[in-house]
Amino acid sequence: MVNSNLAVENSENIHIQDTFPLIKWSLDIATQQFHYDQGIFNSLFQFNQPIHTVADLMALITYEKREKAQQVFREVLITNSPQNFTCCLMLSNEEFVYVEFNLNLSKNNIITGTMQPLMMFANHMEIANIFQSLFENDHHGILITNSESKILACNAYFERQMGVNRGELIGKNTRSFNAGRHSKEFYQDMWANINELGHWTGVILNRHPDGEIYPHELTIHKISPVKGTVFYLGLTVDLSKQLSRLMDTELGGIDLLTKQPTKEKFLEDLTIFSQKTGHHSGKIVLVVKPSFASENYHKNLVSLSDSLFHVRLCQVTGYMGEGIFAICAEYHFKQNSEQSRAIRSALRYMFQDIKFHATKDVHDAIMKGRVGVSVLGLDSQSPQELLSNATEAMVEGHAGEGRHVNFYFRAIHQEIARKKQLETFVSQAINEQQLAVHYQPIVNSSTGELVKFEALCRFPSIVDIDSNIEEMITIAEDLDLIAALDNCISAKALTDLQELQGIFGDDIGITINCSLNTKQDTSEVLAKLNQLILTNTQTPNLVTIELTESAYFDSQSKQSNAIAELHNVGVNIAIDDFGTGYSSFIYLTGGVFDILKIDKAFVTDIYQDNNKYNIVKMITELSHTLGVKVIAEGVENKEELFVLQALKVDYIQGYIFSKPKALPDLNSAMYFIEKFNRIMSFNENKNQLGSFTTLIKKDLYTLAPTDHLVTLHQYITLNSTHVIPVLLRNKCVGLVGRAELNLHLSPTMGTDTETTKESKIWNKPINQLMNVEFTQLLNTTVVYDLSVLIKDNKQFPWVIVDDKDSYVGMVFRSDIVNYLLEHNT
């Protein structure tokens, strides 16, 4: 704003002073006659045309102000209160004066007032100089747009603000600056103010052409210089270097300093996101208060906020004020038992991502600050609870132990803390190569001959932390240290191979594991392993590599070339844990693998004709058709061994022969053969041991569903049997016996005192009496399945059928007991 007391260059042309005299005037409402002091007016202005009516006066006022002036005159008449307004009087093509009118309503409907000249311009040059000095200033960006918000002109300051030259800005729609942070309602309210009031002022977040988002103080003014024409004048100030002005300032649900949603908007977004549930996925909320130093405090807040927009796991973010951020992340898990691991993994990757995108000062401040975590469905049931509980965990820290991350649910915190300890332990053991190798024998299922040993990793003992080797291997994969672990174990095992062959024979082989669940290029991992084998052994043909996560393979990919190189030097390739994870039968068809290992999950409690039996049978037959050998791992008892032998599985591995042991603790090869023979000697008579034939009662009476109660009574009385099968077309459809008979008999039935009602009971059909729930087994069931059947509480008596479900006979509890006593099993 220009002060009227300031001296102005070229003051002989531009008049800005305090000594302009007031010009008094009056308006007769009835006659519309306008009276004023023409002497003073004419002495000030080079305007000799008299003003007779209010219409003459209005004709001198610019179009944009004319309607305002008319409105002010009307308000004086209606309200009888003083009014004032400012405007420009266009006295000629070049000369105009900026004046202030004051109005009062006097008696007899006469409006009186004064006209105070403020500034007077004598020619266009003066106007141009004023416009140029205002437009090309160094403190406000100025842009002018048309009614469609396309830029018509802008000044150099705005050009520097946006970081792009003026030529590229002209014609650009201001909507292209939309940062996507403000809501649709925010812009609707802004334009409603502009259209109704003629202007809007506030702070807005704009996206520059380089993609960065900056806060701008913006004023938009609506201009209508000619009737029916609209322009918009924008005045902007870059606030990116004045961040303290924006601290805890909110506009339209957005915190202007951090450009993050406010608490209320965060909860709205969180509510929507939390409703998007997926299979085996969960949601956690983190409340983060970094420990920022006072120096560059605002700058670091903005830096952290900007980094959160790039972190993949941060699906919903917000700023709670006072330097506190809220983040919602999603984690995924396969089983409920892996939930804490999945949460830990998500947190680790999130903080790694923040470290990558943020500055070192910001990351250090987070690590020194406090983080509270709440888990949806565990300690919180709603978005409000998630935020509240995470905030409480952040503030209280529960145990007050100065932990970096605190969980609202203490059990989860303890589990996460345990995982973190294990991660440290596993990382140290691998990096310092504090790993040992234990060996488990793999034997020929037909002869019991020792074929090879599998080299298995063992970590040093760890005190006061409950864990197992499988969990530690999984942690190594999570930390992307599995390749280093495999390399260490492989090197030790290949070094031991010569000693193993000296003890157990020159033909003894070694199996080493190679996990492909790593971020490293799999072809490079396999190439390094190939080089390790060639360097450490003269007999690569006795080395087998078990590949886990085989789904990473594509028969057309470069990994196949790496496998081909291993094949070329004689190395055997095995698929580990086939049937679990992502393994596929398609890998068997490419001739890439030599051996398939059936996972323990399909071996434990396998018996004839259960689902596991059928799966292993199918896998084995298909593998043999394709020339692939089969190893069954996790074999622990002779019953499982006998079934796998019958299925012609090639090799057996499991506790039935030996647990994994350190090399000095391994026994000689003869030990395994002797143990195999002792197990096989259990079957003194394979034919009898192999089936139920000797136990099946085949000469029992049977009934039809249409037979009557009287027939059941006769059979039970004559044969002293307790249960009789009911057959329909040689299929057993139910059992009926003494218990059902006793339910329907009375003491007088069959005697001289039997009543007519009782005599009718004898004709009740069997299908109304029989029990349709019973145990049915195939006649090919083997005796060594007895322990499993009894353990599963299979209800006696057992109905035995053939492969076409035709009735064969029955087995009673007493038969099983007598057999077990006789064979001392």
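A visitor and a guide talk through this predicted model.

Visitor: What sort of model is this, and which pLDDT limits apply?
Guide: This is a predicted model, where local features need pLDDT of at least 70 and side-chain atom pairs count only at pLDDT 80 or more, while totals for chains, interfaces and linings use all residues. Residues are numbered from 1 along each chain as its sequence is written, and side-chain values use heavy atoms, with hydrogens and water left out.

Visitor: Start with the open sheet. What is the strand order?
Guide: The order is 2-1-5-4-3, with antiparallel pairing. Strands here are DSSP runs of E of at least two residues, helices are runs of H or I of at least four, and both are numbered from the N terminus. Two strands pair if DSSP finds at least two bridges between them.

Visitor: Which strands stand at the edges?
Guide: Strand 2 (34-36) and strand 3 (83-90) do; each has a single partner strand, so one side of each is left without a neighbour in the sheet. On average, neighbouring strands are turned by 25° against each other, direction ignored.

Visitor: How many bridges join strand 4 to strand 5?
Guide: 11 bridges join strand 4 (residues 96-106) to strand 5 (residues 110-121), and the two run antiparallel. Val99 stands opposite Pro117 of strand 5.

Visitor: Which helix lies across strand 1, strand 3, strand 4 and strand 5?
Guide: Helix 3 (residues 63-79), running at about 150° to strand 3. Axes are lines fitted to C-alpha atoms, for helices over the stretch in contact (heavy atoms within 4.5 Å). Angles run from 0 to 180 degrees between N-to-C directions.

Visitor: Changing topic, how many aromatic pairs are there?
Guide: The count is 22. Rings of Phe, Tyr and Trp (its six-membered ring) pair if their centres lie within 6.5 Å; planes under 30 degrees apart are stacked, over 60 edge-to-face, and the rest tilted. Phe657 and Phe676 are stacked because their ring centres are 6.4 Å apart and their planes at 25°.

Visitor: Where do those two lie?
Guide: Phe657 is in the loop between strand 26 (651-653) and strand 27 (661-662), and Phe676 is in helix 20 (residues 669-680), so the pair ties together parts that are 19 residues apart in sequence. Both Phe657 and Phe676 are buried. Buried means under 20% relative accessible area, exposed over 50%, and partly exposed in between (1.4 Å probe, protein chains only).

Visitor: Which residue has its charged end over the ring of Phe273?
Guide: Lys283, at 5.1 Å from the ring centre. The rule asks for NZ of Lys or CZ of Arg within 6 Å of the ring centre and within 35 degrees of the ring normal. Arg348 lies over the face of Tyr349, at 5.3 Å from the ring centre.

Visitor: Which residues touch the most other members of the largest nonpolar core?
Guide: Tyr439, Phe453, Phe459, Ile510, Ile545 and Ile652, in a core of 76 residues. Helix 15 gives the most to this core, with 9 residues. A nonpolar core is a set of buried Ala, Val, Leu, Ile, Met, Phe, Trp, Tyr and Cys residues joined through side-chain atoms within 4.5 Å.

Visitor: Where is the cis peptide bond?
Guide: Between Phe796 and Pro797, with omega about -10°. Pro797 is in the loop between helix 25 (786-791) and strand 31 (798-801).

Visitor: Is Lys259 buried or exposed?
Guide: Lys259 counts as buried, at 3% relative accessibility. Lys259 also has a positive phi of about 65° although it is not a glycine.
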